[in-house]
Amino acid sequence: MTSPLRSPQAPAGRRRVVLHVDADAFFCQCERLWDPGKFAGVDALAVFQHSEVIAVDAGAKRLGVKKYMTPEDARRVLQNASANHAVLQHVPTTDDFRVTYTRYLEMSKALHVLLGSPEMNHAVVDAIARSAGGTNGSAEPVGRRIAREKNYTGTAVDEKTVPAIVVEKASIDEAYVQLPKGCQLAEVALPVANAIRGLVEKKLGLTVSVGASWNKSFAKWSSLAAKPDGVLVTVTDDSNGNSGEQRLAGSEGDVVGANGLDGTRVVSPKVLLGLTRVTKIKGCGSKSVAEKFAALGVRVLCDVSGLGDDAFAVANTLRYTVGLPNAIVNRIVQIVFHHADHDPVLNKGHERKSVSVHMSLATTQRRMPRGATHVVPSTGGREGWFDPVRVGETNRVQSAVHAMSVDLAQRVLDEILLNSTVFFGEVAHPEQPGVQEALAGPPVGRYPRVLQVAVTSVGVTSNPARGHGGKRGRDRPNTPLTVSRQTGFPTLGDTVPTAPGKCTRNPTAPGKC
């Protein structure tokens, strides 16, 4: 275990250069790209799924709409703001009004393939080679070294001689990019960030924000602070003794001047920690942990250092008062006191490791989306309503399982097709106009091997008596009970029976059971 007082970070000038690329309001941007006519002139757009808002663009945020709001609350906010050009859009659904992310996943696939493509690698290396700046303590700036060693002439060079970037998919709409060894953060961060943003917008029409620093945590929080449509670079803080990196033009927190780009800011780690909520640390996002931090007066990460006289005292407070496990405590202390995070950037590929579907059977009734007032949901019940499933309604459970099975088969088929061809263009969807070129992917060889089914039930137990006094207690929820089974995934053409003597058509093999 690393001592909280000891910083294992590399000396300044030898650190990595890590960028975090994050699409702004990804779902909202996808909706605008798919139907530009519908959203022409729309200044505020929010996307919701059933009972909560899942994406909010900058215009809707300015009006007060927030993620995880109910659609009713979001509509009320927009009405109170007298927003004439605001839209609340439901995510795509299937014919039976089950949510489908297929089109979002297609755009996500195109984004991650582009980030890891040779074209992006060349764009980044070109930006490095063209960057100007001092030597930052090294014998020669990396841009000049690459230009000299690779005989850079402004044209494409042999693939074997081009330094490679490392790209790690972080989520559906974000990724980490680590630059080749020898790059200096202050020298290359801005031109590389601009090159990435420009190529993504040119090829896909997406706007991304980019954060840059020497570790993944700072890069991610920098991109978060840069939103919307911005760049933020976190450089070393000379006041903490981390000298050696040349500071970019402008004092900390100021907009970069002649050496930067419009809208780009350069900050120190201290400023970044003051911009980042403590709940952004992995493992600290739960409501109970947030309440404990709030009780201690901790809102942002820089407040953590005030929990004790030194790192050990802070670690003890986090461990025994907040109740965090040792791994998270050490991570927080390393970040706050030493600005250190050695999590590596790894190329894990952009293929999905699993394909899944899930359905929650709510305990309260809920209206179906607008336009489905005369539709019966896949679980049965009344038209236009998601009704709770009660004890004994096995036919409705069977109907739900059947709908999920068909959905899963279709998602597997979609994944196979998506891995076969990836579309690049202004609109990354094969059914939409504007697709300019296609990149052929690897041959179809990926197919699920294991099928796993899990059912989790949560009930409420009445507590008639508590203690020796015989006083009645409140009803309390049972501990969730999960039962799972797994088997081999059905191959194309396999029979999938739903009842004795019957079978359903296999969506992955038309014409077969």
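The exercises below work through a predicted model of one chain, each with a solution in steps.

Residues are numbered from 1 along each chain as its sequence is written. Local features need pLDDT of at least 70 and side-chain atom pairs count only at pLDDT 80 or more, while totals for chains, interfaces and linings use all residues; side-chain values use heavy atoms, with hydrogens and water left out.

**Exercise 1. The whole chain**

Find how many helices and strands the chain has, and what share of its residues count as buried.

Step 1. The chain has 13 helices and 19 strands. Helices (H or I, at least four residues) and strands (E, at least two) are DSSP runs, numbered from the N terminus.

Step 2. Of the 513 residues, 41% count as buried. Buried means under 20% relative accessible area, exposed over 50%, and partly exposed in between (1.4 Å probe, protein chains only).

Step 3. Among contacts with a separation of 6 or more, 61% come from residues 24 or more positions apart. A contact means heavy atoms within 4.5 Å.

**Exercise 2. Two helices and a salt bridge**

Describe how helices H5 and H7 pack, and identify the salt bridge of Lys203.

Step 1. H5 covers residues 118-130 and H7 covers residues 185-204. Their axes are 8 Å apart, at an angle of about 145°. Axes are lines fitted to C-alpha atoms, for helices over the stretch in contact, and angles run from 0 to 180 degrees between N-to-C directions.

Step 2. The residues of H5 that meet H7 include Glu119, Met120 and Ala123. On the H7 side, Val188, Pro191 and Lys203 are among them.

Step 3. Lys203 forms a salt bridge with Glu119, with the closest N and O atoms 3.7 Å apart. This pair links parts of the chain 84 residues apart, Lys203 in H7 and Glu119 in H5. A salt bridge is a side-chain nitrogen of Lys or Arg within 4 Å of a carboxyl oxygen of Asp or Glu.

Step 4. Lys203 is buried because its relative accessible area is 13%, whereas Glu119 is partly exposed at 39%.

**Exercise 3. More salt bridges**

State how many salt bridges are counted, and work through the pairs of Lys227 and Lys216.

Step 1. The count comes to 11 salt bridges.

Step 2. Lys227 pairs with Asp22, the closest N and O atoms being 3.5 Å apart. Lys227 lies in the loop between helix H8 (216-226) and strand E8 (231-234) and Asp22 in strand E1 (residues 18-23), so the pair ties together parts 205 residues apart in sequence.

Step 3. Lys216 meets Glu168 in a salt bridge at 3.1 Å, N to O. The two lie 48 residues apart, Lys216 in helix H8 and Glu168 in strand E5 (residues 166-171).

Step 4. Lys216 counts as buried at 5% relative accessibility, and Glu168 counts as buried at 6%. Both belong to a network of salt bridges that also links Asp343 and Lys348.

**Exercise 4. Residues in their surroundings**

Decide whether Met69 and Val450 are buried or partly exposed, and name what they touch.

Step 1. Met69 lies in the loop between helix H2 (58-63) and helix H3 (71-80). Its relative accessible area is 18%, so Met69 is buried.

Step 2. Not counting residues up to four places away in sequence, Met69 touches several residues, including Ser51, Glu52 and Val77.

Step 3. Val450 is in strand E14 (residues 450-457) and counts as partly exposed, because its relative accessibility is 48%.

Step 4. Leaving out residues up to four places away in sequence, Val450 touches Gln486, Thr487 and Phe489.
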